[in-house]
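Let's take a walk through this structure together. Keep the 3D view open and turn it as you read.

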Amino acid sequence: MSKKIKSILATDCGSTTTKAILIEWKDNRYRLTFRGEAPTTVEAPFEDVTKGVLNAVMEVEELSGRTILDGDEIITPDNGEKGVDIYVSTSSAGGGLQMMVAGVVKSMSGESAERAALGAGSIVMDVLASNDGRLPHEKITRIRQLRPDMILLSGGTDGGTTTHVIELAEILAAANPRPRLGQNYKLPVIYAGNNKAHDNIRKTLGEISDLDIVENIRPVLEQENLEPSRDKIHDLFMEHVMAQAPGYKKLMSWTDAPIMPTPGAVGFLIEMIAKKENISVVGVDIGGATTDIFSVFEGKFNRTVSANLGMSYSICNVLAESGIDNVLRWVPFDIDHNNLTNRIGNKMIRPTTVPQSLEELVVEQAIAREALRLSFIQHKAFATSLKGVQSERTISDAFEQSSSGQSLVNMMELDLLVGSGGVLSHAPRRQQAARMLIDAFMPEGITELAVDSIFMMPQLGVLANIDSKELKDDANQAALEVFDNDCLIRLGTCIAPIGKAKPKSKMAQVSLSFEDGSTKKVDINEGSLEMLEVPYEPVKIEIQPSRRIDVGAGKGEPLSSTIYGGVVGLIFDGRNRPINLPKDSSERIQNLLNWSAAVNEYPKGDLF
Amino acid sequence: MAHSYTPGLKVLKKTLFSKERILPLKGEVLVKQGDKLSPETIVASTSLPGNIQMLKVNNILNIEPGDVKACLVFKEGDSVKKGEKIAETAGFLGMFKSSVESPVDGTIESISDSTGRVVLREAPIPVEVNAYVSGRVGKVIQNEGIIVTSIASFIQGIFGIAGEKQGVLQLVSQDPSEELTAEKITNDMSGKILIGGSFLSLEAYKKAMSCNVAGIVIGGFNYYDLKEVLGYNLGVAITGTEKLKTALILTEGYGSIPMNKATFDLLKSHDGKNASINGATQIRAGVIRPEIVIPLKDESSEDVSSNVQEGIQEGSVVRVIRSPNFGKIGTVTSLPAELHKMESETMVRVAEIKIDGKNFLIPRANLEMVELQ
């Protein structure tokens with residue numbers, strides 16, 4: 001093998017900020033050593049993404065004292081004192097990758113195409129389908145309006161009927177869509193449908209678009225084959241979309257691996273971690289405009305983007321979708337509704353402001369709970385087993401209500417819940433991040449909680465995805481080691497028994513054995529929330545749930561495991577699922593105040 | 001001196017305003033560099049491809065898709081009139097024929113052997129772009145449009161609805177803190193752009209629409225009243241396409257907030273003059289704010305202020321843009337370098353501001369530069 005990689009520079013060009021991180025090989029392991037950031041420079045007056053990259057790298061240079069740049073060039077490889085061995089980057093600048101997908105049946109090939117596009121890191125602007133209820137001219141108008149970066153067309157199983165998918169192609173051809181960026185090139189279209197229709201598709205779309213044909217996304221009903229489409233989307237993202245964005249050609253010439261769309265890189269990392277540790281993971285990134293959720297259950301990866309659920313640009317949409325009462329149920333004081341909606345509106349039109357008063361912070365975190373909850377509902381509905389698949393049922397299944405298309409998300413199975421994005425990563429107290437995650441996602445049984453401190457998952461994802469032979473092993477090792485040591489802030493573990501229980505009755509008894517040999521017993525009572533401060537170290541846990549209560553081993557069944565504390569510790573959540581807040585205002589406020597006090601969520605004062 | 005970058009909204013007495021006027025598709029530019037323009041001058045025009053009609057001819061005639069071509073009376077590229085027969089079966093011994101008539105005037109764009117569909121395209125839709133403001137052609141962008149330039153007063157709002165409008169400015173509120181009430185809006189204000197003070201109620205806005213007022217510039221409006229105006233909850237601040245008689249531009253935000261004095265005074269000084277306004281707002285990357293452009297008679301470029309934004313410095317006049325103290329104007333007395341812990345325990349960089357003789361520590365992110373000329 002060639003020489004060990006000693007230093008890695010990675011950047012993520014976001015729509016507003018470009019973030020650079022420096023990873024160095026120190027004391028026989030990879031560690032994140034420095035980070036820098038600067039405004040992204042895709043738009044006027046700069047119109048060159050590399051300017052922002054250089055500014056962010058310059059900050060890393062200043063902090064580390066290491067020379068990385070030679071004028072406007074990144075010095076590679078590392079010669080001991082100057083430069084870095086590898087440079088990689090992700091990008092979501094200029095609105096990221098925006099796609100439109102089409103399938104014959106909305107809930108079958110349409111959904112598979114959407115999964116492929118989302119998995120590749122794109123925003124799906126619309127899903128066209130033969131059965132979506134719109135007339136051809138309505139579809140055509142929609143395609144013209146949207147101007148996507150590319151289109152993924154699928155439909156039909158291999159060898160099956162071709163009429164419907166050709167009809168969709170004809171609609172695309174009639175719309176003659178133009179790409180979002182660049183006036184002078186044809187729109188990339190990927191065809192991933194019935195292989196019998198290839199000739200007809202070429203005839204219909206070959207002239208008007210830049211057509212690529214890949215393997216069918218649903219070769220047979222029972223099988224989904226997303227990989228070829230996902231890979232092709234990544235290739236085209238580089239070749240077409242990125243190449244049109246200002247400065248990207250230069251940036252592409254600097255990097256040692258293809259630039260990935262930011263969410264695609266995050267998804268790749270989460271998928272890899274889940275596989276390596278053999279665990280179920282949910283990751284969330286709540287931004288100003290959108291909320292991305294990634295999950296791996298039963299080894300299957302899914303990603304959803306809730307395009308209009310976010311904490312600044314889309315904050316009013318959270319309010320509109322959840323309703324003001326759902327937001328206010330998390331606020332432990334009375335507040336005038338009209339005044340509150342104006343305040344939230346003002347956050348939308350001045351998205352960079354920060355909560356100065358405690359009252360503002362509490363309201364913002366209440367909205368975050370609802371944004372996360374709604375995004376997760378959308379994710380659960382999308383992350384399903386394949387629809388339209390006939391399964392054989394035996395007599396033992398006769399009383400089961402299961403069918404195809406069930407959600408893969410099983411909160412009792414969830415091992416790790418990772419949050420990132422300003423409202424979670426920058427919450428003044430880590431307890432607030434833990435509470436937001438628990439209240440919104442409602443984990444069941446035993447679940448470890450973490451936040452991504454500075455959102456470096458994109459950079460680690462692109463590192464983990466490097467497939468050049470000489471670089472692959474070291475890059476993967478670096479991604480995993482930095483993820484373990486520097487990326488995640490371990491908040492602790494939530495223990496949440498569920499099942500029918502009378503108010504305030506005992507739901508479970510927990511016995512804990514700590515590293516230093518000490519032990520402790522905790523009762524989890526219905527309606528309560530308790531916290532025990534325990535650092536990030538293994539703790540042996542034995543849980544004896546009450547008769548109708550489940551903590552993961554079945555109703556009334558005891559469970560033994562090893563869990564970890566963290567900067568928050570262990571949280572014992574007896575609030576059952578879903579968390580129902582009392583209708584009576586004073587009772588609800590009292591509950592909220594008790595729960596906040598139990599985990600030391602907010603500073604004590606007039607409000608708490 | 002300590003320095004902090006905080007973009008503010010522009011309030012410029014005299015500036016060189018320029019704006020792209022571009023066609024959605026390539027077309028013809030109708031003016032030359034240096035030409036004098038009025039807001040209504042058409043600067044470029046083109047034709048958008050006509051709407052599409054798809055006819056399932058095989059289904060209507062009850063034949064196989066491959067047989068459709070043989071039944072067509074026309075071929076690809078031919079023009080057809082509404083009601084004209086475009087396909088007919090041979091029938092049985094010349095009887096029991098079925099036929100398909102064209103539902104629109106248009107041309108036959110394509111005929112599919114595999115699906116039996118015939119695609120008809122309606123006549124092209126003409127599109128024109130006007131100059132939007134009085135001024136001159138600063139630059140011609142071949143086949144696409146122009147950049148219009150104008151020596152003008154220029155004011156940005158924080159949020160607006162409805163697109164481009166023109167009209168004569170009319171001062172209605174006498175003071176920046178005076179509400180613009182429904183009683184003050186009268187029928188003779190049709191086509192005018194009204195200048196208000198602190199607040200416009202839903203009732204007053206409805207009255208303005210009924211009086212065909214072209215636009216209103218005001219300090220604040222209630223967020224929750226937007227739903228009744230727009231017919232839906234405004235989830236993200238991307239506007240400009242609303243079909244409303246009266247454009248609305250907020251200079252400060254939601255709620256009752258006195259209009260910034262510099263904005264108000266500048267608007268007041270132009271009472272009775274022609275202005276072009278645009279409520280289009282896009283608060284995303286590539287932010288677009290609503291604008292008020294008042295072209296000046298004096299076309300000389302003397303005293304034109306540059307648009308270079310300076311950061312906040314000691315002595316800068318700033319506005320607080322988040323509660324507490326929302327909407328208040330103050331002067332920066334110092335910009336401490338270290339992070340400060342706020343009541344919310346958020347650690348932020350702050351500025352020390354003097355408001356009405358009292359000092360406050362406020363996060364820099366919650367301040368907006370008031371740009372004065």
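Before we start on the strands, here's the rule to keep in mind: two strands count as paired if DSSP finds at least two bridges between them. Also remember that you're looking at a predicted model.

Now find strand β13 (residues 281–286) of chain A and strand β14 (residues 291–297) of chain A. These two run antiparallel and are joined by six bridges. If you'd like a spot to zoom in on, look for A:V284, which sits opposite A:I293 in β14(A).

Zoom out a bit, and this pair turns out to belong to something wider. In chain A there is an open sheet of eight strands, in the order β15-β14-β13-β16-β17-β18-β26-β22, and its pairing is mixed. Which strands stand at the edges? They are β15 (300–306) and β22 (529–532) of chain A; each has a single partner strand, so one side of each has no neighbour in the sheet. On average, neighbouring strands of this sheet are turned by 20° against each other, if you ignore direction.

Something packs on this sheet, too: helix α8 (residues 262–277) of chain A, which touches β13, β14 and β15 of chain A. The direction of α8(A) makes about 25° with that of β14(A).

Follow α8(A) to another helix, α15(A). The axes of these two come within 7 Å and cross at roughly 70°. Angles of 65 to 115 degrees count as roughly perpendicular, and that's why α8(A) and α15(A) are described as roughly perpendicular to each other. On the α8(A) side, the residues making the contact are A:T262, A:A265, A:V266, A:F268, A:L269 and A:M272, while α15(A) brings A:M457, A:P458, A:L460, A:G461, A:V462 and A:A464. Sort the residues of this contact by class and you get 10 nonpolar, two polar and no charged.

Helix α15 (residues 457–464) of chain A also packs with helix α16 (residues 469–487) of chain A, at an angle of about 155° and with the axes 7 Å apart. Are they roughly parallel or antiparallel? Angles over 145 degrees count as roughly antiparallel, so that is the label α15(A) and α16(A) get. The crossing of α15(A) past α16(A) is left-handed. Here A:M457, A:L460, A:L463 and A:A464 of α15(A) meet a set of α16(A) residues that includes A:A475, A:V482 and A:F483. This contact has 10 nonpolar residues, one polar and no charged.

Time to step back to whole domains. Chain A is assigned domain 1 (7–93), domain 2 (96–251) and domain 3, which is put together from 283–384 + 406–498 + 524–533 + 565–598. The C-alpha centres of domain 1 and domain 2 of chain A are 34 Å apart. Where these two domains touch, domain 1 of chain A gives 10 residues and domain 2 of chain A gives eight. On the domain 1 side, α1(A) has the largest share, with three residues.

Chain B has its own split: domain 1 (52–121), domain 2 (158–289) and domain 3 (312–369). In chain B, 71 Å lie between the C-alpha centres of domain 1 and domain 3.

Last stop: the place where the chains meet. How many residues does each chain bring to the contact? Chain A brings 43 and chain B brings 41. The largest share of chain A's side, eight residues, comes from α11(A). By class, that side has 17 nonpolar, 19 polar and seven charged residues.

Key: Residues are numbered from 1 along each chain as its sequence is written. Chains are lettered from A and ligands numbered from 1 in the order in which they are written. This is a predicted model: local features need pLDDT of at least 70, side-chain atom pairs count only at pLDDT 80 or more; totals for chains, interfaces and linings use all residues. Two residues are in contact if their C-beta atoms, placed from the backbone, lie within 7 Å. Helices (H or I, at least four residues) and strands (E, at least two) are DSSP runs, numbered from the N terminus. Ala, Val, Leu, Ile, Met, Phe, Trp, Tyr, Cys and Pro count as nonpolar, Asp, Glu, Lys and Arg as charged, and the others, Gly among them, as polar. Axes are lines fitted to C-alpha atoms, for helices over the stretch in contact, and angles run from 0 to 180 degrees between N-to-C directions. Angles under 35 degrees count as roughly parallel, over 145 as roughly antiparallel, 65 to 115 as roughly perpendicular and the rest as oblique. A crossing is left-handed if the near helix is turned anticlockwise from the far one by less than a right angle, and right-handed if clockwise. Domain bounds come from an automatic or database domain assignment.
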